[in-house]
Amino acid sequence: MTKVNQKNYTPLNEIFFENTEKENENEIIKKETAKESLHDFIPNSFNEYIGQKNLKERLFVYMASAKKREQTLDHILLFGPPGLGKTTLATIIAKEMNVNIKITSGPVLQKSGDLVAILSNLKSNDIFFIDEIHRLPITVEETLYSAMEQFKIDIIIGEGPSARTISLPVPKFTLIGATTKTGLLSAPLRSRFGITEKFDWYEIDELSKIIEQTVNFFSIKIDNNSALKIASLSRGTPRIAKKLTRRIVDYSIVNLKKEININLVKEAMNFFGIIDEGLTITDLKILKILFDRPNNTPIGIDAISSIIGEEVETIEDVYEPFLMQKGFVERTPRGRILSISKRLETADLLNNFKI
């Protein structure tokens, strides 16, 4: 086991966020402070944002047109698997448009009053970003309709026969919604977005550039082969690539290494229990369940969840998409099965890691 030299260990700093809570309102907005993050490299422009080339080109057209027309940018819906950079891209759009951005998430907006408090404090052309927008309560979602279309909010004052409705105008703004599950968005909400864009999985070479970007931020060198190796473990996801890179940077720092090479990457992989191709122990547990099924009979996702002790949503959002992308798992009307073409490879994996 590698020994850790406590005297030479330098802990990494955490990202600084400012949580703003308005009195008498359940408004929580996660907003980056003026302080530069000391925990990770965060792209500040389209040039620094690696990947999603076609998406960036289309967004550039939308923004250039809005600037020339001197009008508010259309509402944008960004969808795709978690960790691909939807929130980061939204902040870059705000910087490129030279406007402010308010960031929150669907589960935080529990009441219409929460939404009203945020919208009434926006300035003209500001961007309002809602992550996990598919988790908005229906009452909040319905309040959002008129705000998106007519830039006003209808408020009911009083109760019973004396109740009356007043319209509160809000500044013209751009709503950017991010979701990993477009199927859970209601049709009325989805139809109100003028721009809908999908995020794709990242290629190995794109991830390697992100890894080099991250390592350079810590003033540590990395060779191309090592960056490609880490990229191959990253499941096509920048968030995972950065997380793995930070762990390997940690390993190099405590072992007084100023350069990351392929041998160091392999040492760190063994130390942290990282499996080839980016597979995790949980992935292997799922594969074992499918491998052990007699005659490769299908098994339901609820049964898999019970056996391995993970939530169904976690399996569907985190593990299953990657296993399907790699060709290990297939969905059928009766449940999940192991791909026949991957049976021998699965047997080798389970045997090597004693699952």
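## The chain at a glance

Helices here are DSSP runs of H or I at least four residues long, and strands are runs of E of at least two, numbered from the N terminus. Counted that way, the protein chain comes to 13 helices and 13 strands. Keep in mind that this is a predicted model.

Of the chain's 355 residues, 45% count as buried. Take the contacts between residues at least 6 apart in sequence: 69% of them join residues at least 24 apart.

## A five-stranded sheet

Strands pair through backbone hydrogen bonds, and they can do so parallel or antiparallel. In this model, five strands make up an open sheet, running β4-β5-β8-β3-β9, with parallel pairing. At the edges sit β4 (101–105) and β9 (195–198), each of which pairs on one side only. Ignoring direction, neighbouring strands of the sheet are turned by 15° against each other on average.

Let's look at the β9 end. β3 (residues 76–79) pairs with β9 in the parallel sense, over four bridges. If you want a spot to click on, L78 has E197 in β9 as its bridge partner. Helix α1 (residues 53–69) packs on the sheet here, touching both β3 and β9, and its direction makes about 165° with that of β9.

## Helix α3, tucked in

How enclosed is helix α3 by the rest of the structure? Largely, because six of the eight residues in α3 (residues 112–119) are buried. The buried ones are D114, L115, V116, A117, I118 and L119.

## A buried threonine in α8

Now over to T245, which is found in helix α8. With a relative accessible area of 1%, T245 falls under the 20% cut-off, so it counts as buried.

Which residues does T245 touch, leaving out those up to four places away in sequence? They are I211, T214, V215 and I230. T214 is a nice one to check in the viewer: T245 and T214 are 31 residues apart in sequence, while their C-alpha atoms are 7.3 Å apart in space.

## Enclosed cavities

Rolling a probe the size of a water molecule over the atoms shows where empty space is left. For this model, the count comes to two cavities of 30 Å³ or more. The largest cavity has a volume of about 60 Å³.

Its lining is made up of I286, L290, I301, I304, I315, Y319, E320, L323, V329 and R336. By class, that's eight nonpolar residues, two charged and no polar ones. Helices α10 (281–291), α11 (301–308) and α12 (312–325) each supply at least two residues of this lining, and the largest share, four residues, comes from α12.

## The second largest pocket

The second largest pocket has a volume of about 490 Å³. It is lined by 24 residues, and the closest to its centre are R235, I240, K243, T280 and V318. The lining splits by class into 14 nonpolar, five polar and five charged residues.

Which helix gives the most to the lining of this pocket? That would be α8, with five residues. Both α8 (238–254) and α12 supply at least two residues of the lining. So two helices from earlier turn up again here: α8, where T245 is found, and α12, which gives the largest share of the lining of the largest cavity.

Methods: Residues numbered from 1 in each chain as written. Predicted model: local features only at pLDDT ≥ 70, side-chain atom pairs only at ≥ 80, totals over all residues. Heavy atoms only, no water. Buried < 20%, exposed > 50% of the residue type's maximum accessible area, 1.4 Å probe, protein only. Pairing = 2+ DSSP bridges. Axes fitted to C-alpha atoms, helices over the stretch in contact; angles between N-to-C directions. Contact = heavy atoms within 4.5 Å. 1 Å grid on protein atoms, 1.4 Å probe; cavity = no way out; pocket = protein on both sides within 12 Å on 5 of 7 lines; lining within 4 Å. Points joined across faces, edges and corners; volume = space filled by probe spheres on them. Nonpolar A, V, L, I, M, F, W, Y, C, P; charged D, E, K, R; others polar.
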